[in-house]
Amino acid sequence: MIRFHFTNSFTLKNKRKIKNWLKDTVVNEKKKVGDINYIFCSKQHLKKINNDYLTKNYETDVISFDFSDDNKISGDIYISSETVKKNSIIFNVDFNNELKRVMVHGLLHLLNYNDKSNQEQKIMREKENFYIKLNS
């Protein structure tokens, strides 16, 4: 089950459509949906999580915590809508498109995709683009 949680004033439109898109992403990767939580929080809260759990002291847009078991994908995906908004301006893209990218990026981490090396980043970006097009 995919759930959305909001700790700030941000909210999602078309929640059912987004849930179906995220479920389709998991199924397309030959996995099953477990418990996946999207938690939308402030940039300060996400920076604290980044520092406390990953020992990185900088702002980020998404952090995923993987609780998956074999083929059943579960985890918590924290997103700063403020940072997504800022990045949409920096990259000159529509906010909703940037939000989709960040949401699927967090999910791809739960699906065992990484982005440490240049090659991993290339694969991650290709997957993001593929799944964003599926939602269009």
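How close do the axes of helix α3 (residues 81–90) and α4 come, and at roughly what angle do they cross? They come within 9 Å and cross at roughly 125°. This is a predicted model: local features need pLDDT of at least 70, side-chain atom pairs count only at pLDDT 80 or more, and totals for chains, interfaces and linings use all residues. Residues are numbered from 1 along each chain as its sequence is written, and side-chain values use heavy atoms, with hydrogens and water left out.

## Helix pairs

Two packed helices are described by the angle between their axes and the distance between the axes. Axes here are lines fitted to C-alpha atoms, for helices over the stretch in contact, and angles run from 0 to 180 degrees between N-to-C directions. Helices (H or I, at least four residues) and strands (E, at least two) are DSSP runs, numbered from the N terminus.

Angles under 35 degrees count as roughly parallel, over 145 as roughly antiparallel, 65 to 115 as roughly perpendicular and the rest as oblique. α3 and α4 are therefore oblique to each other. α3 passes α4 in a right-handed crossing. A crossing is right-handed if the near helix is turned clockwise from the far one by less than a right angle, and left-handed if anticlockwise. Contact means heavy atoms within 4.5 Å. On the α3 side, the contact is made by Ser 81, Val 84, Lys 85, Asn 87 and Ser 88. On the α4 side, Phe 95, Glu 98, Leu 99 and Val 102 take part.

A second pair is α1 and α5. They pack at an angle of about 135°, with their axes 10 Å apart. That makes α1 oblique to α5. Here, too, the crossing is right-handed, as α1 passes α5. From α1 come Lys 17, Trp 21, Thr 25 and Asn 28. They meet Phe 130, Tyr 131, Ile 132, Leu 134 and Asn 135 in α5.

## The nonpolar cores

In soluble globular proteins, nonpolar side chains tend to be buried together. A nonpolar core is a set of buried Ala, Val, Leu, Ile, Met, Phe, Trp, Tyr and Cys residues joined through side-chain atoms within 4.5 Å. Buried means under 20% relative accessible area, exposed over 50%, and partly exposed in between (1.4 Å probe, protein chains only).

The largest nonpolar core has 28 residues. Tyr 38, Ile 79, Met 103 and Leu 107 touch the most other members. Six elements are named as giving two or more residues to this core: β1 (2–6), α1 (15–28), β2 (32–41), β4 (72–80), α4 (95–110) and α5 (118–135). α4 gives the most, with eight residues. Leaving aside neighbours within four places in sequence, Leu 107 is in contact with Leu 22, Thr 25, Val 26, Ile 36, Tyr 38, Ile 73 and Ile 77. Apart from this core lies another, of seven residues, among them Cys 41, Ile 49, Ile 63 and Tyr 78.

## Five residues and their places

The table gives the place and relative accessible area of some residues.

| Residue | Place | Relative accessible area |
|---|---|---|
| Thr 25 | helix α1 | 0%, buried |
| Ser 74 | strand β4 | 12%, buried |
| Ser 42 | loop between β2 and α2 (43–54) | 21%, partly exposed |
| Asn 14 | loop between β1 and α1 | 56%, exposed |
| Asn 92 | loop between α3 and α4 | 70%, exposed |

Take Thr 25. Not counting residues up to four places away in sequence, Thr 25 touches Val 104, Leu 107, Leu 111 and Tyr 131.

Ser 74 touches residues including Gly 34, Asp 35, Phe 65 and Leu 110. A polar atom of the Ser 74 side chain lies 2.9 Å from the backbone nitrogen of Asp 35. A polar contact is a pair of N or O atoms within 3.5 Å; within protein, one must be able to donate a hydrogen and the other to accept it, and residues adjacent in sequence count only if both atoms are side-chain atoms. Ser 74 and Leu 99 are 25 residues apart in sequence and 20 Å apart in space, C-alpha to C-alpha.

Ser 42 and Glu 82 are 40 residues apart along the chain, and their C-alpha atoms are separated by 6.7 Å. Ser 42 touches Glu 82, and also Thr 7, Asn 8 and Ser 80. The side chain of Ser 42 reaches the backbone nitrogen of His 45 at 3.1 Å.

Most residues other than glycine have a negative phi. Asn 14 has a positive phi, near 55°. Phi of Asn 92 is also positive, near 55°.
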